[in-house]
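Me: I would like a close look at a single part of this model. Please take one element and describe it with care, giving each term its cut-offs.

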Amino acid sequence: MSSDELERWAQVAEVAGGPVEDLQITPQASIQCYVGRQLSFSWPQTVITEWINENHLIWTLCAALADSGLDREWTQGFDLYFRSQWVQIQSTVQQTQGVDRFLLDIPAPPMFMAVFAHNTGPTIRYHSIMSTHAGTRPGGGLLYPLRHLYHGGVSPADVFIVVLYDGDVTGGAPQLPPSSDSDLADLFPERYATPPPPYRGTSPAPPDYAPPS
């Protein structure tokens with residue numbers, strides 16, 4: 001890795017507010033998830049393949065929900081007010097390569113927060129991703145689910161539930177659940193018994209990180 005690239009990754013670490021080892025893994029993790037708005041009755045399935053920053057991730061989820069057409073009110077609003085901006089964001093991301101992708105300032109998405117719920121068997125783990133302002137974004141929460149994906153025994157067959165919120169329902173605590181376990185329990189498919197994949201890449205686990213029990 002060149003000195004210039006090392007310097008750029010140092011900038012990413014400062015912007016993200018944490019270690020960037022998991023962002024450096026290629027290819028990035030892919031996860032299946034059902035996505036919907038709070039109190040939604042429609043939960044289309046989509047696949048997340050890019051982990052650039054919090055705003056881009058929430059934009060991706062918002063667009064996936066709109067593209068499904070299952071939430072008609074959301075699709076109409078997204079197409080009317082946000083579709084052209086999303087097309088521009090996609091173009092910018094595609095034209096930007098390597099470490100520079102993680103330094104992009106993506107505009108604020110239509111929704112404020114995405115709460116990821118993962119059925120680990122006896123419990124449900126929650127990770128909140130919040131939209132951020134331009135510049136540093138240590139409170140956005142992107143690094144937490146990435147740690148869980150790469151070091152928490154997540155299987156490729158696992159399916160996440162993602163709830164989109166237009167406001168902060170966590171009171172600033174990034175891993176508090178927005179609702180009780182029973183509210184989402186019926187959305188979870190049976191957990192597959194396939195073993196978790198090996199850790200991809202050569203980077204070590206983040207300092208002081210222990211996989212969830």
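How many of the 15 residues of α2 are buried?

Reply: The model is a predicted one, in which local features need pLDDT of at least 70 and side-chain atom pairs count only at pLDDT 80 or more, while totals for chains, interfaces and linings use all residues. Residues are numbered from 1 along each chain as its sequence is written, and side-chain values use heavy atoms, with hydrogens and water left out.

Of the 15 residues of α2, 12 are buried (under 20% relative accessible area, with a 1.4 Å probe and protein chains only), so the helix is largely enclosed by the rest of the structure. The buried positions begin with the run E54, N55, H56, L57, I58 and W59, and they resume with L61, C62, A63, A64, L65 and A66.

Helix α2 (a DSSP run of H or I, at least four residues) covers residues 54-68, and at 1.5 Å a residue (times one less than the number of residues) it should span 21 Å, which agrees with the 22 Å between its end C-alpha atoms. At the N-terminal end N53 acts as a cap, a side-chain oxygen lying 3.2 Å from the backbone nitrogen of N55, and after the helix comes G69, whose phi is positive, near 75 degrees.

Elsewhere in the model, 5 strands (DSSP runs of E, at least two residues) form an open sheet of mixed pairing in the order β2-β1-β5-β3-β4, where pairing requires at least two DSSP bridges between two strands. Because β2 (45-48) and β4 (124-130) stand at the edges with a single partner strand each, one side of each is left without a neighbour in the sheet.

How values were computed:
Buried means under 20% relative accessible area, exposed over 50%, partly exposed in between (1.4 Å probe, protein chains only). A polar contact is a pair of N or O atoms within 3.5 Å; within protein, one must be able to donate a hydrogen and the other to accept it, and residues adjacent in sequence count only if both atoms are side-chain atoms.
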